[in-house]
Amino acid sequence: MPDLLIEIGVEEIPADVILPALDQMKVALADGLTALRLTHGAVEVYGTPRRLAAIVKDVADRQPDEVKEIKGPPASAAFDAEGNPTKAAQGFAAKNGLDVSALRVVEEAKGSFVYATVQESGQPAAEVIPALLDEMMTGFVFPKTLKWGDLEERFARPVRWLIALLGTEVLLWQFAGVQAGRTTRGHRFLGDCAVEIPSPDAYLDVLRSQHVLADHRERREIIAQKAQQAAAAVGGSPRLDPDLLDENNFLVEWPSCILGSFPDRFMVLPEAVPVTVMQKHQRYFPVEDAAGKLMPYFIIIRNGEGRGEDLIRQGNEKVIVPRLEDAEFYMTEDLKTPLPERLESLKRVTYMESLGTLFDKTTRIERLVEWLCEHLDVADCDRLAALRAAELSKCDQVTLMVGDGKLAALQGLIGGHYARLAGEPESVVEALSQQYLPIRPDDPAPASDAGKMLALADKLDNLAAAFRLGMIPKGTRDPQGLRRQTQALITIMQEGDYRLDVRELVWHALSLLPDPDPCPKGALATDEAAEALLDFIDGRLAAAMEDEGVAYDVVRAVLAANWHAPVEIIERGRALQAIRAAATDFEAQVDTATRPANISRSAALDEAVCVNPALFADPTETALWDACQKATSEIEAAPDYPAIWEALRKLHDPIEALFEAVMVNAEDEALRTNRLALMRTLDRLYLKLADFTQIVQ
């Protein structure tokens, strides 16, 4: 069976767009071929700045024939009283290319219907794949798309060439006025502008001969290897930040590395400054020594090789010096005003629309830190360090180094450095430096309790303020980074094992906010903001558990139960997932647990109603009540969730026995109400672990 090669040749695509586009391409081809009834093998995707490509192995060259059973009108409408076909039957038969005599009547639960059996011949793959490619091209989702020329089609960047090969055959397909062929383009400077691909299996080798490494996985490894080699020339090794490595990978097609340097005098700057300039501004890899200390070198990733290497090195060395000189100047000027003396300046900086200044935010953070320390029983030394760090937490926002925006990524780190120079204790410096952690999913939480308190308080205030103003993320839009900050909250609580009641936490953070003045359109009342924020946290908890491999119905089950602490709910989800995998009677236990829940929740029983053992009319009621009391005691004393599960398992037989012996909804009102109260008690016991009505059997 032939392989299928698709290549979309484009003007240079932004680096961060390529991997998501390749994922979409892979799914579109795999699902689309399956929908077309074309069997196929593995789908491999390849990407460079100038091309998105895929090779699908062993594609069937023809669809199989298919027999379809097509449902038509009711028999009563298709045939009259004498059994003669009506116009409805004749039209249905003609539509499907059959004689009326070929129709048959099938008896169904909802009546008799006419059916037609149609044999559909499979089409050649070459004839049906182009329509799939049209759907793929219009189905790509990019952050931004554009039009070019006078065309109506849109794409991430203008499409310049297309390849569509099924084996050696060129498919009849075009997009945006570009006809697919077998011609690709080599490296923009080192390759030919027109190169033919004879077949899909030659694709990678032909491009390699044209100085294009189309396999982005191989290209990434080569960049890392060459960076190691370049750094080794000065006895160092590169700091290969994964995100920066990915970005550089999708900026080049034929990578090479050049070692550059900067003057030693800039080594007196805080290490984060030259590192940020190199990574964020210039996309260089910093070089460090064996001890992990920064060296005055950097590695440039070049798209090509050969002549001009010295000119490229010199040019990049000239570019980085002014940026470092700016930082040097900022630091000199900033140190003329010690960090603690900048507090008053915060009163002149607006924090967020209608919610005051950075000074107001600082005051709220201090109060949140105090509240957190009290509820978490933080040691006095850490509490004092956290409060001092909270007071100074936003002072670096009014420094030249951070405040001008060019080095805003250094917020916190610069505050910590300036605090150290101002003589602040190291515990305060550490808390200031780590207040924005974790920023990325793989970042650690702040190391100290003081740092954790400050980080929690800052993120809580950000979330409360955004939700109070109605700035709730929708779809993929999240300009305030609220999803990331919520995930960071959860991570910090897990790292510190902080079993905080998230409802109290949210309400306290919202209570510290002033009423928006003026009140912007879309702002929420405090109770509305609290409900929205709690739902949002709920959603991030669900995402966190599913990322760990917890099944979606288990996630729903634990979130629907009575929970208050994120740390506790994640533990509960993990435990229930493990219980489900190990317990042979899990399904039977779930069935038993859902019966009291379904009955009690639909009964609308008054909260004041309690179980009265004196009203029991059957021995099974007494036996179940005794089992319920025993389970309650065991659950209260249980050291973990498996122990709670074992206590709940013992309710299975008494519950089933009661349902076999009596009717819960008895005619006698007092008896019925008492049994409903018993069902509610059981339901609430099961909710100590999960809401089992959410489990999908």
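This text walks through a sheet with a helix across it, then through a pair of packed helices. The model is predicted.

Start with the sheet. Five strands build it, and the sheet is open. Their order is 2-3-1-7-8, with antiparallel pairing. Strand 2 (43-48) and strand 8 (169-170) are the edge strands. Each of these two pairs on one side only.

Now look inside the sheet, at strand 1 (residues 4-10) and strand 7 (residues 159-166). These two strands pair in the antiparallel sense. Seven bridges join them. One bridge can be picked out by residue: Val10 has Val159 in strand 7 as its partner.

Next comes the helix on this sheet. Helix 1 spans residues 15-35. Helix 1 lies across strand 1, strand 2 and strand 3 (51-56). Relative to strand 3, helix 1 runs at about 30 degrees.

Move on to helix 17 (residues 502-511) and helix 18 (residues 526-547). Their axes are 10 Å apart, and the packing angle is about 135 degrees. An angle over 145 degrees would count as roughly antiparallel, and 65 to 115 as roughly perpendicular. Helix 17 and helix 18 are therefore oblique to each other. Their crossing is right-handed.

Which residues in helix 17 and helix 18 meet? Helix 17 brings Val502, Arg503, Val506, Trp507 and Leu510. Helix 18 brings Thr526, Asp527, Ala529, Ala530, Leu533, Leu534 and Ile537. By class, this contact of helix 17 with helix 18 has nine nonpolar residues, one polar residue and two charged residues.

Notes:
Residues numbered from 1 in each chain as written. Predicted model: local features only at pLDDT ≥ 70, side-chain atom pairs only at ≥ 80, totals over all residues. Heavy atoms only, no water. Axes fitted to C-alpha atoms, helices over the stretch in contact; angles between N-to-C directions. Helix = DSSP H or I, 4+ residues; strand = E, 2+ residues; numbered from the N terminus. Parallel < 35°, antiparallel > 145°, perpendicular 65-115°, else oblique. Left-handed = near helix turned anticlockwise from the far one by under 90°. Contact = heavy atoms within 4.5 Å. Nonpolar A, V, L, I, M, F, W, Y, C, P; charged D, E, K, R; others polar. Pairing = 2+ DSSP bridges.
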